[in-house]
Amino acid sequence: MTTPSPSFAAPQRDSIAALYIENHAWLRNWLAYRLHSWGAGMADDLAHDTFVRILASRSDARRESIQQPRAYLTTVAKGVLFSWMRRQTLERAWLEALAALPQPQHPSPERQSIILEALHEIDAMLDTLKPRIKQAFLMATLDGMKQQEIARALKVAVPTVKGYIHKAYLACLSLIPDE
């Protein structure tokens, strides 16, 4: 009987496991210090999310290539923390908008969840756009600015603004599922 050859994924998994074992408590404490008002549970969740992000992104690298594991973990954790904070801000804004509606106009809890998820998807999509495109789109859609006003504010030509907004709308349309 032959033994199966070890896969490339096994050393990868083992190296991430070692990174986890050696640094999880430190990372959790680092996050807990920054989340003091949110509690230890949130620090645990975000430490977990940090390692999940590392597992998802390090398909071809090995633990040995990380010269400073805690600096690396801090960088990844800052991204996770920033994403979480943005999500919290978006959810608070949604709840404030919902509270401003008269009770009879409140969507059902299921509909509220769907709307909130759509807001998160749009927010994530907008982050993939170049900053000028995102800015022009937000100025047009949220601030209600005219293309000439946006062009003056961004110091670009009106056709450039039209192109920016067009690209952003196409990106939004890409979120619509195919029927």
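1. Start with the N terminus: over residues 1-9 the pLDDT stays under 50. For that stretch the model has three contacts beyond four places in sequence. This is a predicted model, and I'd leave residues 1-9, with pLDDT under 50, out of any discussion of packing.

2. Elsewhere the confidence reads as follows. The protein has a mean pLDDT of 84, with 87% of its residues at 70 or more. Confidence is lowest in helix α1 (residues 9-34), where the mean is 82. At the other end sits helix α6 (residues 147-154), which has the highest value, 96.

3. Now the aromatics, of which the structure holds two pairs. One of them joins tyrosine 20 and phenylalanine 51 in an edge-to-face arrangement, with 4.8 Å centre to centre and 70° between the planes. Tyrosine 20 belongs to helix α1 and phenylalanine 51 to helix α2 (residues 40-57), so this pair ties together parts that are 31 residues apart in sequence.

4. How do α2 and α3 cross? Their axes come within 9 Å, at roughly 115°. The two helices are therefore roughly perpendicular to each other, and the crossing is right-handed. By class, this contact has 11 nonpolar, four polar and two charged residues.

5. If you want to click through that α2/α3 contact, the α2 side includes Met42, Leu46, Phe51 and Ile54. Asp49 and Arg53 are also on the α2 list. Facing them, α3 supplies residues including Tyr72, Leu73, Val76, Val80, Leu81 and Trp84. Note that Phe51 turns up twice: in the aromatic pair with tyrosine 20, and among the α2 residues that meet α3.

6. Next, α3 against α4. Helix α3 (residues 69-100) packs on helix α4 (residues 109-128) at an angle of about 135°, and the axes are 11 Å apart. That angle makes α3 oblique to α4. The crossing of α3 past α4 is right-handed.

7. What is the make-up of the α3/α4 contact by class? Six residues are nonpolar, two are polar and six are charged. From α3 come Arg86, Arg87, Leu90, Glu91, Trp94 and Leu98. On the α4 side, the residues they meet include Ile115, Leu116, Glu117, Leu119, His120, Asp123 and Asp127.

8. For a figure, I'd show α3 with both partners: α2, at roughly 115°, and α4, at about 135°. Labels on Trp84, which is in the contact with α2, and on Trp94, which is in the contact with α4, would help readers find their way along the helix.

How values were computed: Residues are numbered from 1 along each chain as its sequence is written. This is a predicted model: local features need pLDDT of at least 70, side-chain atom pairs count only at pLDDT 80 or more; totals for chains, interfaces and linings use all residues. Side-chain values use heavy atoms; hydrogens and water are left out. pLDDT is the predictor's confidence in each residue, from 0 to 100. Helices (H or I, at least four residues) and strands (E, at least two) are DSSP runs, numbered from the N terminus. Contact means heavy atoms within 4.5 Å. Axes are lines fitted to C-alpha atoms, for helices over the stretch in contact, and angles run from 0 to 180 degrees between N-to-C directions. Angles under 35 degrees count as roughly parallel, over 145 as roughly antiparallel, 65 to 115 as roughly perpendicular and the rest as oblique. A crossing is left-handed if the near helix is turned anticlockwise from the far one by less than a right angle, and right-handed if clockwise. Ala, Val, Leu, Ile, Met, Phe, Trp, Tyr, Cys and Pro count as nonpolar, Asp, Glu, Lys and Arg as charged, and the others, Gly among them, as polar. Rings of Phe, Tyr and Trp (its six-membered ring) pair if their centres lie within 6.5 Å; planes under 30 degrees apart count as stacked, over 60 as edge-to-face and the rest as tilted.
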